[in-house]
Amino acid sequence: MTGYLAKRLLWLIPVIFIVAGLTFILMHNAPGGPWDRDLNARQVDPTAQKLLNEYYGLNKPLVNQFTSYLIGGTNTTTHKWVCGLICGNMGPSYRIRGMSVQQYLFKPPTNRNFFYSKFGYSIRLAFLALGIAILVGLPMGVISALKQNTWIDYINLFVATVGISVPNFVIAIFLIIIFASTLHWVSIVPTSWDELNVWILPGLVLGFGVLARTARLSRATMLEVMRMDYVRTARAKGLTERVVVVRHMIQNAMIPVVTFLGPALAGLITGSFIIETMFGFPGMGRAYVTAISQRDYSMIMGTTLIYAVLVAIANLSVDFVYVLLDPRIKLTE
Amino acid sequence: MEEQATSTTPAANVASLNEISTPRRDLLADAWYRLTKNKGAVAGMIVIALFILVAIFADKISPHNPLQLNSGFDYLPPFWVKENAAGHAGNPNFIFGTDTLGRDVLSRTLYGARVSMVVGIFPTAIILLVGTFIGLYSGYKGGWIDNLLMRFTDVVYAFPDLLFFIIVMISLRDTVIGKMLNGLFLLFLALAIVNWVGVARIVRGQVLSLREKEFVEAARAIGASNRRIMFKHILPNSLGPIIITAATTVPGMIITEAILGYLGLGLRPSTNPQDFFLTSWGALLLDGQTAINTQPWALLFPAICVSLVVLAFTFLGDGLRDALDPRLQGTQ
């Protein structure tokens, strides 16, 4: 089994390489370059553009650019060898002067801890969304199963179906219209993200899909578990209904839910860019969308790679969690 | 026969029990029967049919020209709003209000149905064709093509879909391909490249289990050719999962189009009245987004339409799954 997992881990390397290569090729085909301003602003003049291109090595052949990005190369001005992606260096941002991509994404503002960096903000939002999803979705599923085919079950199922099929930014629009425009409970683009109440709406919206999936999954597994022999045995032993439900049903029904949380978390981190842009959230997702419109090549490369690695790790984590939870499962090819 | 059926002797009664009295149905007719018994699926089909009609006849049923700028009527809220933040009142002529340029939101939304319907159906047809063929071949023959498929799948699964679409749309938008059909063609291509793998994998899995079955062995024993076994024996038996996959990919495609449109990367809204595809729901959401604080109404109608269509396809997909594979009922 360790062999299998090691193989899966090693397979990560070519995957990252291919993702990086594909992104790199496609990005350099993109019309416009990092020095273009928007149409109204004054453009950077050609000589300055040439110097900038030389400084960042953008005048070199594509293959050289790619290898120096991945492995490293000599700096054009200082002539010192700089290590590339393999050391975690994602290169300088073309737009935010004097900052490398990893600094921009991972470095918090002064006097703040890591969780106030762009990445930290996104992580916090993702965990908040996951927390909301579990705390609401799991009870929804369990209650639905215990009261199968009653009105409460139908309402839960309907909410879950909506959450699974309707994309979260559309749900965000509905919630904004209800809570911000009509009821005036929250403002849509808050000035400060230090207060908790402004996090609730983006967190809920982001987590809604996972919430719905958790509810449906836990309902389905609960219904399955409820018919198991060991549940009947537990009742026959004379255990109280509460103990039967909590200890025998819910604990076993949790297994598929737990295995689904890894990819769900990755989905929350990577899927947040629209929600972040919508709510003006200072996270990595919004940095990604901004980088796209500004053609900040190195920033796009960096964020795409981080996203790809997160997704790959999350998918891999499912295998680990399976083995931990269910000793009967043996992983072989 | 006639005499036997009408006679009342006990022996004839027993004999009539051996005859199948209901008309025989093949597998698909059976599935169709189960599907029509599923309320959610039927409702889904009705909604989809309605939106297809809207898409086809958008030019006939729109109350206004979707491109016409109604000066003096810009930025109207829907008709039920008495007074919005800017002091405008709704106008019953423009049921769902107007956008920043004074174009009728209802008419634009009706035209937007065209894009969503086409995006839902056309790439799905491509991926079904390509995916089924490659899945069949790689499952049946194995070898290098199978290995290649599996490795390609790994890469596709590793690349977050949406990021791939975004990068493709940005980088190829201004090329010749990117300009075809106002950018829709490139979107079809990108959607197809990512999604055919799912179909191919499903078909491959089906083939791997079916090719060991007795009926395939029997076919081989009487000397059927590989092609005959593939298309006459294995393909019809894996149709169920193929149809289910198709039904479940459609809403994903529609959502992707809406997201890309919302990021300004989908269909380019056209101002040429000759164009068939004028605007999409995603693009309408992007338009509405600019005034989300004061005028969220412009977002409401396209958002409802996206939700309705996606929900309809989801219900139909669930219904199809239950109908084609009753063993799976209620597992998801």
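**Figure 1. Surroundings of A:Phe208 in helix α8 of chain A, in a predicted model.** Setting aside residues up to four places away in sequence, A:Phe208 touches A:Gly163, A:Asn168 and A:Ile171. The residue is found in helix α8 of chain A, and it counts as buried because 27 C-beta neighbours fall inside 10 Å, where 20 or more are required. A:Ala20, which stands 188 residues away from A:Phe208 along the chain, has its C-alpha atom 31 Å from that of A:Phe208.

**Figure 2. The side of chain A that touches chain B.** In the predicted complex, 35 residues of chain A are in contact with 33 residues of chain B. On the chain A side, α1 (2-29), α6 (151-165), α7 (168-182), α8 (197-226), α12 (284-294) and α13 (297-325) each supply at least two residues, and the largest share, eight residues, comes from α1(A). By residue class, this side of chain A divides into 27 nonpolar residues, seven polar and one charged. For the complex, the predictor gives an ipTM of 0.78 together with a pTM of 0.81.

**Figure 3. Nonpolar cores of the model, with the contacts of A:Leu268.** The largest nonpolar core holds 145 residues, of which A:Ala129, A:Phe169, A:Leu268, B:Ile166 and B:Met169 touch the most other members. Helix α15 (residues 297-324) of chain B gives the most to this core, contributing 18 residues. When neighbours within four places in sequence are left aside, A:Leu268 is in contact with A:Ala126, A:Ala129, A:Leu130, A:Leu206, A:Gly207 and A:Val210; of these, A:Ala129 is itself named among the residues that touch the most other members of the core. A second, separate core of 13 residues includes B:Ile127, B:Val197, B:Val199 and B:Ile202.

**Figure 4. Strand β1 of chain A and the position of A:Gly73.** Chain A has 13 helices and two strands, and strand β1 (residues 72-74) is where its confidence is lowest, at a mean pLDDT of 75, whereas helix α5 (residues 118-146) of chain A has the highest, at 91. Over chain A as a whole the mean pLDDT is 81, with 91% of its residues reaching 70 or more. Within strand β1, A:Gly73 is partly exposed, since 17 other C-beta atoms lie within 10 Å. Apart from its neighbours within four places in sequence, A:Gly73 is in contact with A:Ser68 and A:Val82, and its C-alpha atom is separated by 6.7 Å from that of A:Cys83, ten residues apart from it along the chain.

**Figure 5. Helix α9 of chain A and the glycine that follows.** Helix α9 (residues 229-236) of chain A lies largely in the open, because the number of buried residues among its eight is zero. The helix is followed by A:Gly238, whose phi is positive, near 90 degrees. For the chain as a whole, buried residues make up 34% of the 333 residues in chain A.

**Figure 6. Two asparagines with positive phi, A:Asn149 and B:Asn182.** Most residues other than glycine have a negative phi. A:Asn149 has a positive phi of about 65 degrees and lies in the loop between α5 and α6 of chain A, while B:Asn182, with phi near 60 degrees, lies in the loop between α9 (176-179) and α10 of chain B. Their surroundings can be stated separately: A:Asn149 counts as exposed because it has 9 C-beta neighbours inside 10 Å, whereas B:Asn182 is buried, with 22 other C-beta atoms within 10 Å.

**Figure 7. Helix α10 of chain B and its bend at B:Ile193.** The 27 residues of helix α10 (residues 184-210) of chain B should span 39 Å at 1.5 Å a residue, and the end C-alpha atoms are 38 Å apart, which agrees with that expectation. Along its course, α10(B) bends by about 30 degrees at B:Ile193.

**Figure 8. Confidence along chain B, with its N-terminal residues.** Chain B has a mean pLDDT of 81, and 91% of its residues reach 70 or more. Confidence in chain B is lowest in helix α1 (residues 2-6), at a mean of 49, and highest in helix α4 (residues 39-56), at 92. Over residues 1-5 of chain B the pLDDT is below 50, and beyond near neighbours in sequence this stretch has three contacts in the model.

How values were computed. Residues numbered from 1 in each chain as written. Chains lettered and ligands numbered in written order. Predicted model: local features only at pLDDT ≥ 70, side-chain atom pairs only at ≥ 80, totals over all residues. Contact = placed C-beta atoms within 7 Å. Helix = DSSP H or I, 4+ residues; strand = E, 2+ residues; numbered from the N terminus. Nonpolar A, V, L, I, M, F, W, Y, C, P; charged D, E, K, R; others polar. pLDDT = per-residue confidence, 0-100. Core = buried A, V, L, I, M, F, W, Y, C linked by C-beta atoms within 7 Å. Buried ≥ 20, exposed ≤ 12 C-beta atoms within 10 Å, placed from the backbone. Expected span 1.5 Å × (residues − 1). Bend = angle between axes of the 7 residues up to and from the residue.
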